[in-house]
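Hi,

Here is the structure I promised to pass on to you. Have a look at it first, and then read on for my notes on what turned up.

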Amino acid sequence: MRKQIAAANWKMNLTLEGAQGLLDDILKEAVQPGANQQVIFAVPFPYLMMAKERVTQQGYAVAAQNCSNKKSGAYTGEVSVEMLRSIGIDHCIIGHSERREYYGEIDEILQQKLALCLDHGVTPIFCCGEALDVREKGKQNDFVREQLEKALFEFSGSEMKKIVIAYEPIWAIGTGKTATAEQAQQMHAFIRSVLAEKWGLDVANDVSILYGGSVKGANANELFGSPDVDGGLVGGASLNASEFIQIIKALKH
Ligand code: PEP
């Protein structure tokens with residue numbers, strides 16, 4: 001059965017002290033994830049070990065926000081998947097729209113990162129989603145299908161089952177504009193249909209598809225209530241303890 005996931009994406013925010021304080025405030029509430037639920041904190045690299053030590057006891061996981069597309073070697077400033085694995089990190093966001101836009105991460109690079117994650121037992125949280133102009137032209141399904149085809153279609157069905165997808169319409173990220181529950185459900189059902197076409201229903205039904213784009217405490221229940229929305233990848237609201245706790249509580253059981 002696929003997992004219902006609340007994943008926090010802190011991006012490039014918080015000092016060490018702020019990060020520790022935020023985690024402690026969330027942990028104080030002690031919301032226990034159910035058997036099919038998962039809570040993940042994607043924190044900046046310098047805080048990975050601290051976060052892991054703090055949240056593991058509560059049954060929460062920690063993710064990196066990025067990794068290198070190279071295995072190892074002379075790549076100054078890069079962090080390899082093997083390094084992440086060696087400190088016990090088993091999730092990594094891949095292909096966030098900010099990385100695609102500001103760091104030139106093209107499909108080929110994303111495919112390499114995904115392959116390295118899968119080789120090392122790290123679960124990728126693969127992001128896709130269209131910009132506003134694409135949606136205004138009604139081309140969002142074609143656009144997302146192409147992103148999925150280019151990054152994911154080389155993998156086998158059993159590999160696909162190990163990947164989490166996050167649908168994040170760019171027009172909704174950090175803008176306060178959220179997709180309606182209906183828009184999210186439509187796209188998630190479409191993504192699942194693409195997975196089913198390629199790998200069959202068994203694989204498609206096993207993949208968690210998260211929604212990302214201005215999720216907050218007040219809209220999480222409605223968004224996560226849709227049958228194909230398996231939780232959220234949350235930026236801004238994940239920096240606020242009470243907002244993120246509300247979001248965790250909104251996950252389906
Ligand atoms: C994100 O960056 O993944 C995101 C969804 O951000 P926000 O929740 O702030 O829109």
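Let me start with a salt bridge: glutamate 197 pairs with arginine 145, and their closest N and O atoms are 3.2 Å apart. This pair ties together distant parts of the chain, as glutamate 197 belongs to helix α9 (residues 181-199) and arginine 145 to helix α7 (residues 140-152), with the two positions 52 residues apart. The total count of salt bridges comes to 17. Before you go further, please keep in mind that this is a predicted model.

Next, the ligand. Which residues come nearest to it? There are 14 residues around the ligand, and the nearest are Lys11, His96, Glu168, Gly174 and Ser214. Sorted by class, this shell holds four nonpolar, eight polar and two charged residues.

A few contacts are worth clicking on:

- Lysine 11 has a polar side-chain atom 2.5 Å from an oxygen atom of the ligand.
- Glutamate 168 also reaches a ligand oxygen with a polar side-chain atom, here at 2.7 Å.
- Glycine 236 uses its backbone instead, with an N or O atom 2.8 Å from an oxygen atom of the ligand.

As for how covered the ligand is, it has 290 Å² of accessible area on its own, and the protein covers 96% of that.

Two of those nearest residues have something odd about their backbone too. Lysine 11 sits in the loop between β1 (4-9) and α1 (16-29), and its phi is near 55°, a positive value in a residue other than glycine. Serine 214 has a positive phi of about 55° as well, although it is not a glycine. You will find serine 214 in the loop between β7 (209-212) and α11 (217-224).

Now for the empty space. How many cavities of 30 Å³ or more are there in the whole structure? The search finds one, and about 40 Å³ of space lies in it. Its lining is made up of Gly95, His96, Ser97, Arg100, Cys127, Cys128, Gly129, Gln147, Glu168 and Ile170. Two elements, α4 and β5 (123-128), each give two or more residues to that lining. By class, the cavity lining splits into three nonpolar, five polar and two charged residues. You may recognise two names here: His96 and Glu168 line the cavity, and both are also among the residues nearest the ligand.

On to the pockets. The largest pocket has a volume of about 560 Å³. It is lined by 20 residues, and Met12, Gln65, Asn66, Arg99 and Tyr103 are the closest to its centre. Which helix gives the largest share of that lining? That is helix α4 (residues 97-102), with three residues. So far as class goes, the lining of the largest pocket has 10 nonpolar, six polar and four charged residues.

The second largest pocket has a volume of about 220 Å³. Among its 14 lining residues, Lys3, Gln38, Lys161, Val164 and Ser208 lie nearest the centre. This lining contains five nonpolar, four polar and five charged residues.

If you want a place to begin, try the ligand site: start from lysine 11, with its 2.5 Å contact, and go on to glutamate 168 at 2.7 Å. Then turn to the cavity, where Glu168 appears again in the lining.

Cheers

Methods: Residues numbered from 1 in each chain as written. Predicted model: local features only at pLDDT ≥ 70, side-chain atom pairs only at ≥ 80, totals over all residues. Heavy atoms only, no water. 1 Å grid on protein atoms, 1.4 Å probe; cavity = no way out; pocket = protein on both sides within 12 Å on 5 of 7 lines; lining within 4 Å. Points joined across faces, edges and corners; volume = space filled by probe spheres on them. Helix = DSSP H or I, 4+ residues; strand = E, 2+ residues; numbered from the N terminus. Nonpolar A, V, L, I, M, F, W, Y, C, P; charged D, E, K, R; others polar. Near = heavy atom within 4 Å. Polar contact = N/O pair within 3.5 Å; in protein donor to acceptor, adjacent residues only side chain to side chain. Areas by Shrake-Rupley, 256 points an atom, 1.4 Å probe, with all protein chains shown as cover. Salt bridge = Lys/Arg side-chain N within 4 Å of Asp/Glu carboxyl O.
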